[in-house]
Amino acid sequence: MKIHEVIVTTIDINNNSHIAPMGINIRSNEVIIKPFKPSKTLDNLYSNSKAVINFIDDAKVFAGIITGEQRDWPLTMLSNSSLKRLTQANTHYLVEVQDIEDDEIRPVINCRILDKEIHREFLGFNRAQFSIIEASVLTSRLGRISIEKILEEIDYLKIGIEKTAGKNELEAWDWIQKKIRTFIESNNES
Ligand SMILES: Cc1cc2nc3c(=O)[nH]c(=O)nc-3n(C[C@H](O)[C@H](O)[C@H](O)COP(=O)(O)O)c2cc1C
C-alpha cells in the first residue's frame, strides 16, 4: 500500500494543537495512521477522535519538528471543526477515527475522511525536498538504528541537497546535521 508522508494535526483534552510527521495510507475513503507507542498523536486520537492530515510541499516543516528547531508552525482554524490545519498546507483532509487496533508497538488507527480541501497548487518535490524528508525520517530514528547506517544514508542524501536545495532546504539540512552531531557528541560523552 502506498505511504504518503504528511503532517498530522490533533488536539489534546485542553484543545492544544499538536503536530507530528507521520506516514499514512490512503484507501478510497479511509486514512490509516500508525503511530509508534508512546505517542502524543495517539493519546490525542484516543481523547478526541478527529485529526487533520496536512499534505505539504515545504519539507522544512518535517525537519523543524523532528529536530526540535521549530516545532510551532502557523495554524488556521477549520471552518467546520475545532481542529486546525497547517496554514501553508497544500491540501488537508479532516478525518475521524473509526476504530483503533491496539498493539504493544504500533497501533493501527483507521479513519474515515470527512472533508477534503485544496488550498495551494502542489508542484512536486525536487531532489533536495526528498532528501530532507528522508533525512528527517533517519533523524527520528536516532538511537534506534545504528549511527553508521544513518551517516551512510545522510552522505548519499547530500547529493540531492547539493544539486537542488533552496534557502528552506539548506536551513533544514543544517538543523538535521546539528541534531545528528549533538546525538553523536552526547553518546561519546556517556
Ligand atoms: C516523514 C516522516 C514520517 C514518519 N512517520 C511516522 C509514523 O508513521 N509513525 C510514527 O509513530 N512516527 C513517525 N515518524 C516519527 C514521528 O513524527 C515522531 O516520532 C514524532 O515525535 C511522533 O510522536 P508524537 O505523536 O508523540 O509527536 C515520522 C517522521 C517523519 C519525518
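**Exercise 1.** Determine how the residues lining the largest pocket divide into nonpolar, polar and charged, and which element gives the most to that lining.

*Solution.* The lining divides into 15 nonpolar, eight polar and 10 charged residues, where Ala, Val, Leu, Ile, Met, Phe, Trp, Tyr, Cys and Pro count as nonpolar, Asp, Glu, Lys and Arg as charged, and the others, Gly among them, as polar. The model is predicted, with local features needing pLDDT of at least 70 and side-chain atom pairs pLDDT 80 or more, whereas totals for chains, interfaces and linings use all residues. Residues are numbered from 1 along each chain as its sequence is written, and side-chain values use heavy atoms, with hydrogens and water left out. A pocket here is an open set of points, on a 1 Å grid over the protein atoms alone, where a 1.4 Å probe fits, with protein on both sides within 12 Å along at least five of seven lines, and lining residues have an atom within 4 Å of a point. Strand 2 gives the most, with seven residues, strands being DSSP runs (E, at least two residues) numbered from the N terminus.

**Exercise 2.** Trace which strands pair with strand 3, and name the bridge partners of isoleucine 32.

*Solution.* Strands pair if DSSP finds at least two bridges between them. Strand 2 (residues 17-27) runs antiparallel to strand 3 (residues 30-33) and is joined to it by three bridges, one partnership being that of asparagine 25 with isoleucine 32. Strand 3 also pairs in the antiparallel sense with strand 8 (residues 108-118), over four bridges, and there the partner of isoleucine 32 is asparagine 110.
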